[in-house]
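Here are a few notes to read alongside the structure. They are meant for someone meeting it for the first time, so take them in any order you like.

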Amino acid sequence: MQKVLIANRGEIALRVIRACKELGLKSIAVYSKADAESLHVRYADEAVCIGPASSAESYLKPDRIMAAVEVTGADAVHPGYGFLSENALFSAICADHEIKFIGPSPQTIAVMGDKSRAKEQMQTAGVPVVPGSDGVVPSVEKGKQIADSIGYPVMIKASAGGGGRGMRAVMDAADFELQFQSAQAEAEGAFGNSDIYLEKLLQNPRHIEIQIMGDGKGNVTHYGERECSIQRRHQKLLEEAPSMAVSEGLRRRMGEAAIAGAAAVNYEGAGTIEFLLDSSGEFYFMEMNTRIQVEHPVTEEVTGLDLIRQQIQIAMGEQLPHSASAINGHSIECRINAEDPVNNFRPAPGRIEEFHVPGGPGVRIDTHAYAGYSVPPYYDSMIAKLVTHAPTRYWAIRRMQRALDEFVIEGVATTIPFHKELLQHPAFISGEIDTYFVETQMLQKKD
């Protein structure tokens, strides 16, 4: 491997470019016309424009990505996260052209990207799953029967879903048909696939995910858990590692389950097994993300590893490390988005007039933005990931509070004020959180 094309944009593209430079590999950026001034374009060894602003005509176009591969002579593609990172067809196209896709095989992506098939695969591997339907629910009538058998409340989910789309909570039978049809319609519009499955809705769960790494030969290791319960409409806002709710024994059991699930599909590269953890300490498989996660920096901070570099090294055929370093301290990541939290988190694209990033001990900033940069309205609104690391959670919180106070972004609304409020909330500070914390403890009180 000599030249890696990064089929992505923004901070993750810049992150991959940096890993390539450290490994002595040439990096190639692709960009839409809207991203011509992004830092990933400036820092790469080569850059190729692949289309207009719309992601459907640029970052989501496999033929344009492959044309850039051919023009530049790249021999590998790193998909980052989002866009084509979990697209089995794109992975297969790379394989057909003898281009190394830095990630799992097309077969693995296809199985784990289909939520109902993934659940069946995990059950076979002995991983605990949430009670629910055995695969896709063919009709409203069948769905009602299943819901009655497992008991309300239930969660309707899109098989091809992600990011909260195609998901509906149903509290009683009277509301089932309407929510089922609504979820189907949203799933069809978002993913071109209206398949739906059902799960028992767990009350006030925590969202805990395990970072795994595999070599594609059945060997898998894990690097501990991340707490991802702070979210709004199933979109994560803050992540941390480790979780206050996970003991050494629970970490071992969750890690073993994640390894078993990933090994069963001969997983290659970085991936995440996501679990729901109930109040009694029982955990259940939710889904697998067959890519690097946005929140991977908190795992890097507490393990001392470079997960992006390790992804690339595994793709180059290097041996998978048998185990991670011991967890060291605590890390928190705040997603700084160009959104207005005062106005229902409305997207706030525009020109950044002033941009001053925080610094000091234990502070990390992953960003592609700068003073004068225009946040485009066409993509995810994340401007930066602000990460702190300290010996304890208490000091990681205090360090994050200090860093948020130092972070200056003028010209666009951001989620910085929301994070400041969150990190001062007594329940967050004490660790009394669940996946509904933002709606029930913060937003609801403002209505």
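1. A residue is called buried when its relative accessible area is under 20%, exposed when it is over 50%, and partly exposed in between (1.4 Å probe, protein chains only). Helices (H or I, at least four residues) and strands (E, at least two) are DSSP runs, numbered from the N terminus. Please keep in mind that this is a predicted model, in which local features need pLDDT of at least 70, side-chain atom pairs count only at pLDDT 80 or more, and totals for chains, interfaces and linings use all residues. Residues are numbered from 1 along each chain as its sequence is written, and side-chain values use heavy atoms, with hydrogens and water left out.

2. A good place to begin is helix H5, residues 106-113, where Pro106, Thr108, Ile109, Val111 and Met112 are buried. What covers them? The cover includes two helices, H4 (88-96) and H6 (115-124), as well as the strands E5 (100-101) and E13 (283-289). Contact here means heavy atoms within 4.5 Å.

3. Next, the empty spaces inside. On a 1 Å grid over the protein atoms alone, a cavity is a set of points where a 1.4 Å probe fits but cannot get out, and lining residues have an atom within 4 Å of a point. Grid points are joined across faces, edges and corners, and a volume is the space filled by probe spheres set on the points. A search of the whole structure finds 2 cavities of 30 Å³ or more.

4. The largest cavity has a volume of about 50 Å³. Its lining is made up of Arg9, His368, Tyr373, Val375, Pro376, Asp380, Ser381, Met382 and Ile383. By class that gives 5 nonpolar, 2 polar and 2 charged residues, where Ala, Val, Leu, Ile, Met, Phe, Trp, Tyr, Cys and Pro count as nonpolar, Asp, Glu, Lys and Arg as charged, and the others, Gly among them, as polar.

5. Two of those lining residues, His368 and Tyr373, come up again with Ser38. Ser38 touches both of them and also Gly10, not counting residues up to four places away in sequence. Ser38 sits in the loop between strand E2 (26-32) and helix H2 (39-43). Is Ser38 buried or exposed? Ser38 counts as buried because its relative accessible area is 1%.

6. The second largest cavity has a volume of about 30 Å³. Of the 13 residues that line it, Pro79, Ile102, Thr290, Arg291 and Gln311 lie nearest its centre. The classes here are 6 nonpolar, 6 polar and 1 charged.

7. Do look at two prolines in loops. The peptide bond from Tyr152 to Pro153 is cis, with omega near 0 degrees, and Pro153 lies between helix H7 (140-150) and strand E6 (154-158). Another cis bond joins Ala241 and Pro242, with omega about -5 degrees; Pro242 is in the loop between strand E11 (235-241) and helix H9 (248-263).

8. Arg233 has a positive phi, near 50 degrees, although it is not glycine. Arg233 is found in the loop between strand E10 (220-232) and E11, and is exposed, with a relative accessible area of 54%.

9. Finally, the cysteines. A disulfide is a pair of cysteine sulfur atoms within 2.5 Å, and a search of the whole structure finds 0. Why does Cys49 form none? The closest cysteine sulfur, in Cys94, is 19 Å away from that of Cys49, so it is too far for a bond.

How values were computed. On a 1 Å grid over the protein atoms alone, a cavity is a set of points where a 1.4 Å probe fits but cannot get out, and a pocket is an open set with protein on both sides within 12 Å along at least five of seven lines; lining residues have an atom within 4 Å of a point.
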